[in-house]
Amino acid sequence: MQIIVKTAGDDFASRMAQMFENVIHQGHGSLVLVFLIGVIFGGIIQYTRVDKFEKIAGFAMLKDTIVPKMLFLTVGLTSIGLYFMIEAGWAHYHVKPIIWQGLIIGGILFGSSMAIFGKCPGTGPVSIAEGRIDVLVGAIGGLLGGLVFTLYYDDFFKALMGESAGKLTLPSFFPGNEHMVVLIFGVVVSIIAVIIPKKEMFDEADLCKLPEDQRPDRQS
Amino acid sequence: MNRLPWWMGGILMSGLLLMTFSVFGADRPIGASTYVPFFAGLVFDLDPEKYTYLKEVQNAGSWEGIMLLGSLFGGFIVSVFLTKTFRLSLVPTGWKKYKNNSVLSRLFWSFISGFAMIIGARLAGGCTSGHFMSGMSQMAISSMIFGAVVMISLLITGRLFYNTKED
């Protein structure tokens, strides 16, 4: 695999062009496919409404449980499918390293910001796409966060993240019983998704635009 | 139908993840926070040769950047034609109900939490997409640690930050 990036020009427009060029050459799907993955990703998030403040901050307040239900079901189903795809050679592992300090400090920062913002980096852009200006302001904050992280990565953040303790997965602790572990994990996580009690916080500002008989809050 | 139920969303998202992971698709996980420092490099005109981190995120950032453009497009189309939720707004209804009515307060906290969120995601090496969805689907221990810490921190902050007792 050879990655060719033309370095002609370092103004904003050329660097945007280089982003397209990079994706074409990096061998992780064609440009159209990657764009399409984004369209479907954004479409599912928008269509299920999990980008809403009321869904994410609502979960932080335990007044809405759609986000954890959907997340756990996604993980449960994908874990079983993915494991057998990897066994068949149709996919590869891309496991992130265990960096204790980074995971804990990062997790605390991420979780508390998610509760206040009511978005995460994947759902935020979808909210901006439906006209949420407060999220756009948050994204500018995020961009500055990315800038600060990049500027002080070598001097500060890299040391804060700590050393990697390896890239372990759950089945690797049970040699010989991997298939069983995967099945149990997938089934248990999916069952958790089903048994989390369903609670929803509705947003009148959205629902008032729908015809009376199509409002989700008036159906069972 | 103008809303998808959660189980349908879970099934579709799982299908999308499997397709993205497969060698017939993109042969990589879905991630949605590496593009932020990548775009910061573009917007603030940082030289990628001078910053280690920009070099590290060059490929992943570009990939996610294209995916982000797709998700902006997908989100916009679905919000206009299917969910009919496209409108310009500054303060979410839930914020008005459980926090306050101040536009300034919402924008201030959005900015601060957006900033801290990206620092947090980059420290941990992923976000809800990269760690929680893609990582836990691979049963990665790192992602389970991140998931547990995020859940606890999210619920504690939700309890302390909002006035949930009024209704």
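Trainee: How much area does chain B expose, and what share do carbon and sulfur atoms supply?

Mentor: Accessible areas come from the Shrake-Rupley method with a 1.4 Å probe; for residues, only the protein chains shown count as cover. In this predicted model, chain B exposes about 6,400 Å², and 70% of that is supplied by carbon and sulfur atoms. Local features need pLDDT of at least 70, side-chain atom pairs count only at pLDDT 80 or more, and totals for chains, interfaces and linings use all residues. Residues are numbered from 1 along each chain as its sequence is written, chains are lettered from A and ligands numbered from 1 in the order in which they are written, and side-chain values use heavy atoms, leaving out hydrogens and water.

Trainee: What percentage of chain B counts as buried?

Mentor: Buried means under 20% relative accessible area, exposed over 50%, partly exposed in between (1.4 Å probe, protein chains only). Of the 167 residues of chain B, 62% are buried.

Trainee: Is Pro92(B) buried or exposed?

Mentor: Pro92(B) counts as buried because its relative accessibility is 11%. Helices (H or I, at least four residues) and strands (E, at least two) are DSSP runs, numbered from the N terminus. Pro92(B) sits in the loop between α3 (52-81) and α4 (93-98) of chain B.

Trainee: Which residues does Pro92(B) touch?

Mentor: Contact means heavy atoms within 4.5 Å. Leaving aside residues up to four places away in sequence, Pro92(B) touches Phe53(A), Glu54(A), Asp134(A) and Arg106(B). Asp134(A) is itself among the buried residues of α7(A).

Trainee: How many helices and strands does chain B have?

Mentor: Chain B has 7 helices and 0 strands.
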